[in-house]
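Work through the following exercises with the sequence and the structure open beside you. Try each task before you read its solution.

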Amino acid sequence: MPSEFELIARYFTRGTTHTTLGVGDDGALITPAPGQELVISTDMLVEGTHFLPDTDAEDLGWKTLAVNVSDMAAMGARPRWATLAIAVPPTPTFEWLDDFARGFFACADEFGIDLIGGDTTRGPRAFCVTILGEVAAGQALRRSGAGIGDDIWVSGQPGRAALGLAHLQGRMVLAEPRRAECVAALQRPQPRVALGLALQGLATAAIDVSDGLLADLGHILEASRVAASVQVAVPSAPTLERDAWLSGGDDYELVFTAPPARRNVIDALAGRLQLALTRVGTIAAGSAGAIALHDAEGHPLAIQRRGYDHFISPVDMSPDASPDA
């Protein structure tokens, strides 16, 4: 096993493209572009809570950064810099670290991100990224702007990651090509940065789907002090498919709101990005955070939970467990 500094030098030090001073000093130096505000977010992935022990190292490297990139997308920001803190067992193989770093930097290259620092230590596997992005002053998308009458939209196909996890845990069996599609959604999420940038001045509020569509929509509703009516965009049966769409999480799609007058613009944006953008509900007056839910046929629908909570939901990701994604 290399020393801490050898590990950093071998796997996590490389040139930067828009950083004054990166890895190798007591701190990094960055210079935001004129007229830009910094957006900063932190996410942690812990083995057994956020990923299965046998997750492919390259996929894990990608996802470690991608879940943070998704926060930039939700704010309408362009990701620029990241720090990485890792805890790994005392005897990780060189091959495992090579693969993890390859996946991490593949994501960094995809979205133009410089790794500018971090930390390493010995322990159970855990990975923490702090990411910084830029957005034009006053243009960041927030959770607090949804207005009564706004449409509610969601990108992509929520629920696929939860179905992929259910397949890997043996709670359901997915046939190809659906299996590969759902497992890829879980292991290699695709942050919607291009969508987030395009929603500046178009959406009134936005958030990424990390804990479940209903749970994360609820954060918009609470911040905006409004309620919502939502119609499930998948058939009511089988129940697991419906529950995954509503509350599965780990998709890193975007949920956003916009006035009805902007429907044609959003439809055109979907075509330009080649990304499904589906209208799933309406912002309404009512108790902050309340959601009136209906099935695909328009009948009232009750569910037991909206999504994942790190301190309430099950966290055991062993193959015999049944957690949310």
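**Exercise 1. Helix α3**

Task: In this predicted model, list the buried residues of α3.

Solution.
- Step 1. Go through the helix and pick out its buried positions: Trp96, Leu97, Asp99, Phe100, Ala101, Gly103, Phe104, Phe105, Cys107, Ala108 and Phe111.
- Step 2. Check the length of the helix. α3 has 18 residues, and from its first C-alpha to its last it reaches 26 Å. This is close to the 26 Å expected at 1.5 Å a residue.
- Step 3. Look at what follows the helix. Gly112, just after α3, has a positive phi of about 70°.

**Exercise 2. An open sheet**

Task: State the order of the strands in the open sheet of 4 strands, and find its edge strands.

Solution.
- Step 1. Read across the open sheet: the order is β1-β4-β2-β3, and the pairing is mixed.
- Step 2. Find the strands that pair on one side only. These edge strands are β1 (36-46) and β3 (114-122).
- Step 3. Add the twist, which averages 15° from one strand to the next.
- Step 4. Take one pair in detail. β2 (residues 78-88) and β3 are paired in the parallel sense over 8 bridges. For Trp81, the bridge partner in β3 is Asp114.
- Step 5. Recall the general rule: strands of a sheet pair through backbone hydrogen bonds, either parallel or antiparallel.
- Step 6. Place a helix on the strands. α2 (residues 57-74) lies across β1, β2 and β4 (126-136), and its direction is at about 140° to β1.

**Exercise 3. Two residues in strands**

Task: Decide whether Glu134 is buried or exposed, then do the same for Val46, with "partly exposed" as a further choice.

Solution.
- Step 1. Locate Glu134, which is in strand β4. Its relative accessibility is 7%, so Glu134 counts as buried; the cut-off for buried is under 20%.
- Step 2. Find the polar partners of Glu134. Its side chain reaches the backbone nitrogen of Ala33 at 2.7 Å. The side chains of Glu134 and Arg80 are joined by a polar contact of 3.3 Å.
- Step 3. Compare sequence and space. Glu134 and Ala33 are 101 residues apart along the chain, while their C-alpha atoms are separated by 7.9 Å.
- Step 4. Turn to Val46 in strand β1. Val46 counts as partly exposed because its relative accessibility is 25%.
- Step 5. List the contacts of Val46, leaving aside neighbours within four places in sequence: Phe51, Arg125 and Ala126.
- Step 6. Add a distance for Val46. Cys128 is 82 residues from Val46 in sequence, and the two C-alpha atoms are 8.6 Å apart in space.

**Exercise 4. The nonpolar cores**

Task: How many residues are in the largest nonpolar core, and which element gives the largest share of it?

Solution.
- Step 1. The largest nonpolar core has 50 residues. Leu65, Leu199, Phe256 and Leu277 have the most contacts inside it.
- Step 2. Name the elements that give two or more residues to this core: β1, α2, β2, α3 (94-111), β4, α6 (193-198), β8 and α9 (263-273).
- Step 3. The largest share comes from α2, with 10 residues.
- Step 4. Another core, of 24 residues, lies apart from this one. Val154, Leu214, Val232 and Val280 are among its residues.
- Step 5. Set this beside a general tendency: in soluble globular proteins, nonpolar side chains tend to be buried together.

**Exercise 5. Around α8 and β7**

Task: Which elements do the buried residues of α8 pack against, and where is Glu253 placed?

Solution.
- Step 1. The buried residues of α8 are Arg242, Ala244, Trp245, Leu246 and Ser247. They pack against α4 (160-168), α7 (213-224), β7, β9 and β10.
- Step 2. Examine the strands in that list. β7 (residues 227-231) is joined to β9 (residues 277-284) by 4 bridges, and the two run antiparallel. β7 is also joined to β10 (residues 291-294) by 4 bridges, here running parallel.
- Step 3. Follow the chain past the helix. Gly249, just after α8, takes a positive phi of about 75°.
- Step 4. Glu253 is in the loop between α8 (239-247) and β8 (254-258). With 3% relative accessibility, Glu253 counts as buried.
- Step 5. Finish with its polar partner: the side chains of Glu253 and Arg192 make a polar contact of 2.9 Å.

How values were computed
Residues numbered from 1 in each chain as written. Predicted model: local features only at pLDDT ≥ 70, side-chain atom pairs only at ≥ 80, totals over all residues. Heavy atoms only, no water. Pairing = 2+ DSSP bridges. Axes fitted to C-alpha atoms, helices over the stretch in contact; angles between N-to-C directions. Contact = heavy atoms within 4.5 Å. Buried < 20%, exposed > 50% of the residue type's maximum accessible area, 1.4 Å probe, protein only. Polar contact = N/O pair within 3.5 Å; in protein donor to acceptor, adjacent residues only side chain to side chain. Core = buried A, V, L, I, M, F, W, Y, C linked by side-chain atoms within 4.5 Å. Expected span 1.5 Å × (residues − 1).
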